[in-house]
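Okay, hi everyone, thanks for coming. I'll put the sequence and the structure up, and then we'll walk through them together.

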Amino acid sequence: MQKELMTPAAILLGSLFIAAGLYLGLQRPPPPALPSASGEASAARAGALPATAGAPAPSLPVPRPAPAGASPLTSELYKRVEGDAARELEARRSLFVKQCWEPSLRKNPAPARARYIFNMTFDASGNEIARGISEVRGMDRPDAAQCLRMMPLELIVPPPGTRVSVEIEMTLP
């Protein structure tokens, strides 16, 4: 074959392989059904697996729209949890400065202040279950922010009764 015909021929041949693979892949029968209940019961009697091990995992609940005029998380609840979390962070300010800010300042004196945004989630009982810390551009110290991120999740607020996420801005020192 001539050299100028080899590239289009290779493209055509590759396209045919892809098309055949797609066609045959889409023609597969559905996967086999899960094991029967009698198989699960016999495995449970043998002590190998619990009776629910072969069952499909329950699907996550789909959020339903709230009725008109109702809100699952009122602004009053959010403000209360936000205020409680801000007080807890403020109570730990001296710890943040001592463990994270001062070592960072010794390495590099600029900038003299840094601003962080704490994004925290509390469960229904008021325990902190997640935390993210963002740095504000122009007022950032990445090493201090990383130190803050490594601190354990130990903030506790009065129980809100539902999961609540709040954002709190804090400037160090």
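So, let's start here: which residues of helix α5, residues 142-150, are buried? They're Ala144, Ala145 and Leu148. Why do they end up on the same side of α5? Because they cover an arc of only 100° around the axis. If you haven't met this before, an α-helix has 3.6 residues a turn, so residues three or four places apart point the same way.

And what sits over those buried residues? The cover includes helix α4, that's 93-107, along with β1, β2 and β3.

Now, those strands. β1 is residues 114-122 and β3 is residues 164-172, and the two pair antiparallel through 9 bridges. To find your way along that pairing, look for Arg115, which stands opposite Thr171 in β3. β1 also runs antiparallel to β2, residues 128-135, with 7 bridges joining them. Over there, Phe122 has Glu128 in β2 as its bridge partner. β1 and β2 make a hairpin, with 5 residues between them. Keep an eye on Gly126 in that turn: its phi is positive, about 95°.

Before you trust every atom, remember this is a predicted model. The average pLDDT for the protein is 75, and 72% of the residues score at least 70. Residues 37-70 are another story: pLDDT stays under 50 there. For that stretch the model has 12 contacts beyond four places in sequence. Where pLDDT is low, the predicted coordinates should not be read in detail.

Okay, that's my tour, over to you.

Key. Residues are numbered from 1 along each chain as its sequence is written. This is a predicted model: local features need pLDDT of at least 70, side-chain atom pairs count only at pLDDT 80 or more; totals for chains, interfaces and linings use all residues. Side-chain values use heavy atoms; hydrogens and water are left out. Two strands pair if DSSP finds at least two bridges between them. Helices (H or I, at least four residues) and strands (E, at least two) are DSSP runs, numbered from the N terminus. Buried means under 20% relative accessible area, exposed over 50%, partly exposed in between (1.4 Å probe, protein chains only). The arc is that of the directions from the helix axis to the C-beta atoms. Contact means heavy atoms within 4.5 Å. pLDDT is the predictor's confidence in each residue, from 0 to 100.
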